[in-house]
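Here are a few exercises to help you find your way around. Try each task yourself before you read the solution.

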Amino acid sequence: MIVAERKAISDILQMIEGAGRVLVVGCGTCVTVCLAGGEKEVAVCASLLRLQNQGEDRDLTVAEATIERQCEWEFARELDELVPDCDAIVSLACGAGVQTLAAQFEDTPVFPGLNTQFIGIPEEQGVWTEHCLACGECVLDKTGGICPIARCAKTILNGPCGGSQDGKCEINPETDCAWQLIFDRLKRLGRLHMLEEIEPPKNWSHSSDGGPRKVKREDMIL
Amino acid sequence: MTERPTGHTNTNSNLERVLAAGEFAVCGELGPPRSADAEVIADHARHFHGYVDAVNITDNQTAIVRMSSIAAGALLREVGLEPVIQMTCRDRNRLAQQADLLGAAAMGLNTLLCLSGDHQVFGDEDTARNVYDIDSMHLLQMVRKMRDDRQFMSGTDLEGAEPRFFVGAAANPFADPFEFRVVRLAKKVAAGAEFIQTQAVYDVDRFARWMEAARDMGLHEKVSIMAGLVPPKSAGALRYMKNNVSGMRIPEELIRRMSGAQDPKEEGIQITVEIIQQVREIEGVRGVHIMPIMWESALPEIVSRAGLTPRPDLS
Ligand code: SF4
Ligand code: SF4
């Protein structure tokens, strides 16, 4: 899933400065699961905005809505009737959701209420970790299902580097060394020989380095 | 020690000549200044004349901005010492690295050490973007391809003189997983490394086990392995490294010995000399790389006491 965290209420208040009627929009998919932008978080965010505003001399009304997926037009359109009544939208979705709303509602400013963090998984209750960087050319087949692009601090393809010690990455003792994990996993699978070959340099043009990416499925294009 | 036959050399590197002649090589190390002061290089270098075959010049070591290793190397060369240019993969992509390799070679620099580089979280520019376009394995391949095939990484031909570097890599026998460390060394050799400089040796037993594994794979015949040494200045300095530098192994006993010493600096020099003597006895070790961090003045004493003077003049 895409993991995100809510921005500070003071930052959101600053973005919506001057707006009288604000619509806070949640998303029912990834950010609901990672407890950043689902229906509950929309309610909390809206309450905090109202509360913070009380102390100030500002006339702010905050409406709430949560749609299934903000990154899809059909769901975004469900807001068609609510949006004309508001001066600004605060989107509690990932960056794709924010941009979908901005494209759908061209005349209304849309502000990001979240900081989109990464593609990741829950590690334990309340903790998520990054697992994929969407590099465009997956190498998990060669690395025992553990991603060196997202999980090695140096995106090394031929690790582990000299900073790997006691299973931890040199950057801090809380971060596992991805290459130690890769080594352990391939050892367990009896496939350690796979690490003897030099993995060639990565073609970053498939990643964001190649410019904004587009996926075209000719068979699906109408 | 196995004697290596006097060999042929590929480059104008003094370090390559010394190693090819079967001599036990000695490298020093110099960290460039955090300023544009050219004199600092000559000032630090004065301790090295006559005691080393080449001097490593670090590349924004521990991710702290310093004068570039290539510029500092060119200044060092002006005062008659051979620099080993360190190049990391942290700050430059393949375009910048290849451009700098051409420039460094054009300025007469002949010896190169390819590294991943310390992650930028360690330095004061910790909000920087990290590059790591290619890793140290690929950097080695790229340098060899430019030298031996006269081609850029892309496969396009060079249009004139090729950069001729004697090329090395780092190895850390003290990092984990131990059983993979020699496999990774073999990969670096396959990628084109001609010499290896190791992380600082304090745990001689572990280093000896690593060398044994390297010999089992015949790697000591394919690459010149130089043991790294950081002369300890005090017990505190050792403890700091033990606790803060990932991939270091420092036996408690050594820290105790330093804390009990009347004259810690003298003890640090003595310890370094002893480690040099021990690693020299290990088959396949072809030299030492002494890194006297902020303590260049200790180097002449260490090299002399270890019986490594005079240095061969093979120019
Ligand atoms: S290799 Fe690329 S696509 Fe595969 S998990 Fe890692 S970042 Fe994602
Ligand atoms: S310690 Fe491991 S995870 Fe960290 S940079 Fe080195 S190889 Fe990558």
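## Exercise 1: A backbone oddity

Leu35(A) counts as partly exposed, at 49% relative accessibility. Keep in mind that this is a predicted model.

**Task.** Find where Leu35(A) and Ala63(B) sit, and work out whether each is buried or exposed or in between.

**Solution.** Step one is the backbone. Most residues other than glycine have a negative phi. Leu35(A) goes the other way, with a positive phi of about 60°, and Ala63(B) also has a positive phi, near 60°.

Step two is the location. Leu35(A) is in the loop between α2 (30-33) and α3 (39-54) of chain A. Ala63(B) is in the loop between β2 (54-57) and α3 (69-78) of chain B.

Step three is accessibility, where buried means under 20% and exposed means over 50%. Leu35(A), at 49%, is therefore partly exposed. Ala63(B) has a relative accessible area of 8%, so it is buried.

## Exercise 2: Cis peptide bonds

**Task.** Look at the bonds leading into Pro160(A) and Pro177(B), and place each proline in its chain.

**Solution.** Start with the rule of thumb: most peptide bonds are trans. Now go to chain A: the bond from Gly159(A) to Pro160(A) is cis, with omega near -5°. Pro160(A) belongs to the loop between α6 (148-151) and α7 (178-188) of chain A.

Then move to chain B. From Asp176(B) to Pro177(B) the peptide bond is cis, with omega near -15°. Pro177(B) lies in the loop between β5 (166-171) and α6 (178-191) of chain B.

## Exercise 3: Salt bridges inside chain B

**Task.** Take three salt bridges, Arg94(B) with Asp133(B), Glu283(B) with Arg215(B), and Glu301(B) with Arg305(B), and see which parts of the chain each one joins.

**Solution.** First, the idea: side chains of opposite charge can pair when their charged atoms come close.

Next, Arg94(B) and Asp133(B), whose closest N and O atoms are 2.8 Å apart. Arg94(B) is in helix α4 (residues 94-106), while Asp133(B) is in the loop between β4 (111-115) and α5 (136-149), 39 residues away. Arg94(B) is partly exposed at 22%, whereas Asp133(B) is buried at 12%.

Now Glu283(B) and Arg215(B), with 3.9 Å between the closest N and O atoms. Glu283(B) is in the loop between α11 (264-280) and β8 (285-290) and Arg215(B) is in helix α7 (residues 204-216), so this pair ties together parts 68 residues apart in sequence.

Last, Glu301(B) and Arg305(B), at 2.8 Å from N to O. They are 4 residues apart in helix α12 (residues 299-305), so about one helical turn separates them.

## Exercise 4: Where the chains meet

**Task.** Describe the contact between chain A and chain B: how many residues does each chain give, and how many salt bridges cross the interface?

**Solution.** Count residues: chain A gives 29 and chain B gives 34. Then take the area: about 2,500 Å² is buried between the two chains, with 52% from carbon and sulfur atoms. In chain A, Lys154(A), Gln165(A) and Ile198(A) lose the most area to chain B, together 23% of what that side buries.

Finally, look for charge pairs. The rule finds 1 salt bridge across this interface; Lys187(A) and Glu179(B) meet in a salt bridge at 2.6 Å, N to O.

Notes. Residues are numbered from 1 along each chain as its sequence is written. Chains are lettered from A and ligands numbered from 1 in the order in which they are written. This is a predicted model: local features need pLDDT of at least 70, side-chain atom pairs count only at pLDDT 80 or more; totals for chains, interfaces and linings use all residues. Side-chain values use heavy atoms; hydrogens and water are left out. Contact means heavy atoms within 4.5 Å. Buried area is the accessible area (1.4 Å probe) that two parts lose on being put together, summed over both. A salt bridge is a side-chain nitrogen of Lys or Arg within 4 Å of a carboxyl oxygen of Asp or Glu. Helices (H or I, at least four residues) and strands (E, at least two) are DSSP runs, numbered from the N terminus. Buried means under 20% relative accessible area, exposed over 50%, partly exposed in between (1.4 Å probe, protein chains only).
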